[in-house]
Amino acid sequence: MERRQNLDFHPAEEKLSGVVEHIIFASNDGAFSVFRLRLERQGKCTVTTKGAAPLVGQEVLLSGTWITHPRFGRQFQALHMKVSAPTNSAGIERFLASGAIDGVGPAMARRIVEHFGTEALRIIESVPHRLREISGIGPKTAEKIASSYMRQSELRDIMLWLEEHGVTGTYAARIFKAYGS
């Protein structure tokens, strides 16, 4: 009796969710990234993924496995990543302050969130002229912030759509960079 061995063993995938705290490494070609994740339940962990890094402050849902890197220790190796916009004030402020949105630094991010709270991203997207209610934001800056935010959300939407159709984050970022929306 011949015994067959399954050489395609994969440990059971686990799911993690949390908020991206900071990016440790992101390759220039978007093929690999490492970031620190504040877990939804408690604590923090390091995540590796084959693909472009999410933005600081974004909420992510990951599926993958735990590995132990010989040099860097225990890490979560994400095989799939779903990214969504932050929903609480702290996450929104971290996202806006991350440098991903032109015209917004840490101080401006704090003022925007203090003024609009959890509605800040909706305001930027839907009624950007209201940004002028904040000291230091004129018409040109409001337009700059809104258009930069729309570019980021467009990239996120395209990457999510491509991932749903079997295209990994690595290729999705390259496709967007080459062809735009």
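A residue counts as buried when its relative accessible area is under 20%, a cut-off that helps in reading the views below of this predicted model.

**Figure 1. Here is the whole chain, with 5 helices and 5 strands.** Following the sequence, the elements come in the order β-β-β-β-β-α-α-α-α-α. Of the 181 residues in the chain, 38% are buried. Among the contacts between residues at least 6 apart in sequence, 48% join residues at least 24 apart. The accessible surface is about 11,200 Å², and carbon and sulfur atoms account for 52% of that surface.

**Figure 2. Trp 66 and Phe 76 meet as an edge-to-face aromatic pair, one of the 3 aromatic pairs in the structure.** The two ring centres lie 5.2 Å apart, with 70° between the planes. This pair links distant parts of the chain: Trp 66 belongs to strand β4, while Phe 76 sits 10 residues away in strand β5 (residues 73–84). Do look at the two partners in turn. Phe 76 has a relative accessibility of 0%, so this residue counts as buried. Trp 66, with a relative accessible area of 24%, is partly exposed.

**Figure 3. Stay with Trp 66 to see Arg 74 over its ring.** The charged end of Arg 74 is placed 3.9 Å from the centre of the Trp 66 ring.

**Figure 4. Ser 63 is a buried residue of strand β4 (residues 59–69).** Its relative accessible area is 6%, and therefore Ser 63 falls in the buried class. Setting aside neighbours within four places in sequence, Ser 63 has two runs of residues to look for among its contacts. One consists of Glu 13, Glu 14 and Lys 15. The other consists of Phe 76, Gln 77, Ala 78, Leu 79 and His 80. You will recognise Phe 76 here as the partner of Trp 66 in the aromatic pair.

**Figure 5. Phe 25, in strand β1 (residues 14–26), is shown with its surroundings.** When residues up to four places away in sequence are not counted, Phe 25 touches Phe 32, Ser 33 and Val 34. Thr 48 is a useful landmark too: its C-alpha atom is 9.2 Å from that of Phe 25, although the two residues are 23 apart along the chain. The structure holds 3 aromatic pairs, and the rings of Phe 25 and Phe 32 make one that is tilted, because their planes are at 45° with the centres 6.3 Å apart. Phe 32 is partly exposed at 34% relative accessibility, and Phe 25 is also partly exposed, with a relative accessible area of 41%.

Notes
Residues numbered from 1 in each chain as written. Predicted model: local features only at pLDDT ≥ 70, side-chain atom pairs only at ≥ 80, totals over all residues. Heavy atoms only, no water. Helix = DSSP H or I, 4+ residues; strand = E, 2+ residues; numbered from the N terminus. Buried < 20%, exposed > 50% of the residue type's maximum accessible area, 1.4 Å probe, protein only. Contact = heavy atoms within 4.5 Å. Areas by Shrake-Rupley, 256 points an atom, 1.4 Å probe, with all protein chains shown as cover. Phe/Tyr/Trp six-rings, centres within 6.5 Å; stacked < 30°, edge-to-face > 60°. Lys NZ or Arg CZ within 6 Å of the ring centre and 35° of its normal.
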